[in-house]
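Reader: Hi, I have a structure open and I'd like to talk it through. Can you help me read it?
Author: Sure, put it up and ask away.

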Amino acid sequence: MPFWIKRVRQPEMFSRVWRFYRDGFAQMRLGRTLWKIVALKLAIIFVVIKLLLLPSPPDEANQQQQLQNVLLKQQ
Amino acid sequence: MYETLASVDWARLQFAVTALYHFLFVPLTLGLSFIVAIMETLYVRSGDEKWKRITRFWMTLFAINFAIGVATGIIMEFEFGTNWSNYSWFVGDIFGAPLAVEGILAFFMESTFFAVMFFGWDKVGKGFHLLSTWLVAVGSNLSALWILVANGWMQYPTGMAFNPDLFRYEMASFWDVVLSPVAVAKFLHTTGAGYVTSALFVMGISAWFLLKKRDVVLAKRSMVVAASFGLIVSLYVVLSGDESAHQVAQKQPAKLAAMEGIYEGEKRAGIVGFGLLRPDKQIGDKTSPFYLDITIPYALSLLGYHDINAFVPGIDDLVYGNAEKGIRPAQERLDSGKIAVGALADYKAARKSGDAATATAALDTFNAHVGDFGYGYLEKPEQIIPPVTPLFYSFHMMAGLGFWFLLLFTVTLYLLMVNDITRHTLWLRAALLSWPLGFVASELGWVVAEVGRQPWAVQDMLPVHIAMTDISGSSVMITVFAFAAIFTLLLIAEVRIMLKQIKIGIEGGH
């Protein structure tokens, strides 16, 4: 291992990463509002838009057939 | 029944609304990330706590924009599947690869270092924190690279081969796609425009602080960074714009002719600096396209072809052909395209019936005409020309704004250097009022790129009405309004949160 990389024991490394994120989230002020907006937006995108507003795209076989029909009929 | 016009127009409008809203968030992410990285570098090098407060203030605004804008592009990927499934099948093998790389870079590289950038103050070393800030900036811009590679491929398809059994284009060379000159020019110019937009944003808000006489020292320092960065990147945008125009001249002559309102081609063609188009002008009618125009002589030949004597084809040349200049009439390409389409149908039928000899002959015919394949789906030659009016005005407004920004950055930097900018309230007001114009110019550039590619989804290969799913216009129409409402709410949220944060001020703590 190169001299400039400090050896960190694995359990210690995981707990340091855990504390890093835990403290970071705990100390957020504006970030809390932003995370609420992100969560709401993702819910709208993946639930309202994807499931309710947009019809399911055709599966692969249908896509190919549909394109074939369009390509060969529209001449 | 295949609903062509109404549904395709709604699908295009839906994609345009989604892309234009998405592109309000993107330029600020691209440029502000670098501006914040520069500010933090100044903090680390000088150890001056003022630079740290400045960095944290702009980093907070960056976070607001990032949080509100993140994932808004996903909706466009949904639309590829639902509204543009023919397109997705036809070219998905090529188009999908850069988008997948973008997803991996955006979600892993950016988000990893984003956490260090925001949670890491006082928890990691200064050097590692600075590295994380720079990596967020580089990661954001690398994400943009892949999106623009995909878009560049739509403007100039290369590195692919048609598979007649699957009815789709497949990637033949990844590097031809990635290193396409159009993709490279597009990346440099679009990201550069984002940097300019961000510099204007920082300069405008700093001007507001100076006009209010709040946080004066910190606002002045922010303005120095924004004006210096803005001046350098403005020059870079002019150069990359020149390369973009050069590529358009070579690869999309109809787009260039429409951008400049040129109907009759000419040698030593000039650039229209200012022009008022005649709305009644028709292709081939030999009347002047302008009520009035101010033209810079020779400039278009020089910039478009790097040769002052070069011939620049006009709309009439491209539609009706110009034998002297070796330009084929569009009708010839339409006829050739129909032969390709017929040959493909013959190939399919021969394969189905097991007639190998006929299949081979049909495939040979198809391959001989494959370059005109997309033209087989057009009805008349005039369709190859994109709409001139929106393209001409969008391009000229974008270019005009670009030169205003260059002047704005230059004069602001000069006034900052002589240290009396606070006395020039009129100029500070101009800087304040100019910050939204960066977004306007970016959006106009996108309009030029996308409207200028019409009637094609993929240049010369796939017209938009063929690219679309067989779906009713009414179902697309409902979602257009739903998307517009959602994006408007997001935009209102962003503006409100940003204004609140700006009012707290640079010294206010973040």
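Reader: Okay, which residues does B:Ser206 touch, not counting those up to four places away in sequence?
Author: B:Ser206 touches B:Trp58, B:Ala219, B:Ser222 and B:Met223. Contact here means heavy atoms within 4.5 Å. Before we go on, this is a predicted model: local features need pLDDT of at least 70, side-chain atom pairs count only at pLDDT 80 or more, and totals for chains, interfaces and linings use all residues. Residues are numbered from 1 along each chain as its sequence is written, chains are lettered from A and ligands numbered from 1 in the order in which they are written, and side-chain values use heavy atoms, with hydrogens and water left out.

Reader: Got it. Is B:Ser206 buried or exposed?
Author: B:Ser206 counts as buried because its relative accessibility is 0%. Buried means under 20% relative accessible area, exposed over 50%, and partly exposed in between, using a 1.4 Å probe and protein chains only.

Reader: And which helix is B:Ser206 in?
Author: Helix H7 of chain B, residues 181-211. Helices (H or I, at least four residues) and strands (E, at least two) are DSSP runs, numbered from the N terminus.

Reader: B:Trp58 came up earlier. Where does it meet H7(B)?
Author: B:Trp58 belongs to helix H2 of chain B, residues 49-69, which packs on H7(B) at about 125° with the axes 13 Å apart. Axes are lines fitted to C-alpha atoms, for helices over the stretch in contact, and angles run from 0 to 180 degrees between N-to-C directions. On the H2(B) side the contact uses B:Phe57, B:Trp58 and B:Leu61, and on the H7(B) side B:Phe201, B:Val202, B:Ile205, B:Ser206 and B:Phe209. By class that makes seven nonpolar, one polar and no charged. Ala, Val, Leu, Ile, Met, Phe, Trp, Tyr, Cys and Pro count as nonpolar, Asp, Glu, Lys and Arg as charged, and the others, Gly among them, as polar.

Reader: What do you call the way H2(B) and H7(B) lie to each other?
Author: They are oblique to each other. Angles under 35 degrees count as roughly parallel, over 145 as roughly antiparallel, 65 to 115 as roughly perpendicular and the rest as oblique.

Reader: How about H7(B) and H15(B), what's their angle?
Author: H15(B) covers residues 425-451, and its axis comes within 8 Å of the H7(B) axis, crossing at roughly 155°. The two helices are therefore roughly antiparallel. Residues that meet there include B:Leu200, B:Gly204 and B:Trp208 in H7(B) and B:Leu432, B:Trp435 and B:Phe439 in H15(B). That contact has 14 nonpolar, six polar and two charged residues.

Reader: New topic: why is H9(B) called largely enclosed?
Author: H9(B), residues 253-260, is largely enclosed by the rest of the structure because seven of its eight residues are buried. B:Lys255 and B:Glu260 are among the buried ones. Just after H9(B), B:Gly261 takes a positive phi of about 65°.

Reader: Zooming out, how many helices and strands does chain B have?
Author: Chain B has 17 helices and eight strands. Of its 510 residues, 56% count as buried. Its C-alpha atoms fill a box of roughly 80 × 50 × 40 Å along the principal axes.

Reader: And what's the pattern of chain A along the sequence?
Author: Chain A reads α-α-α, with three helices and zero strands. Of its 75 residues, 27% count as buried.
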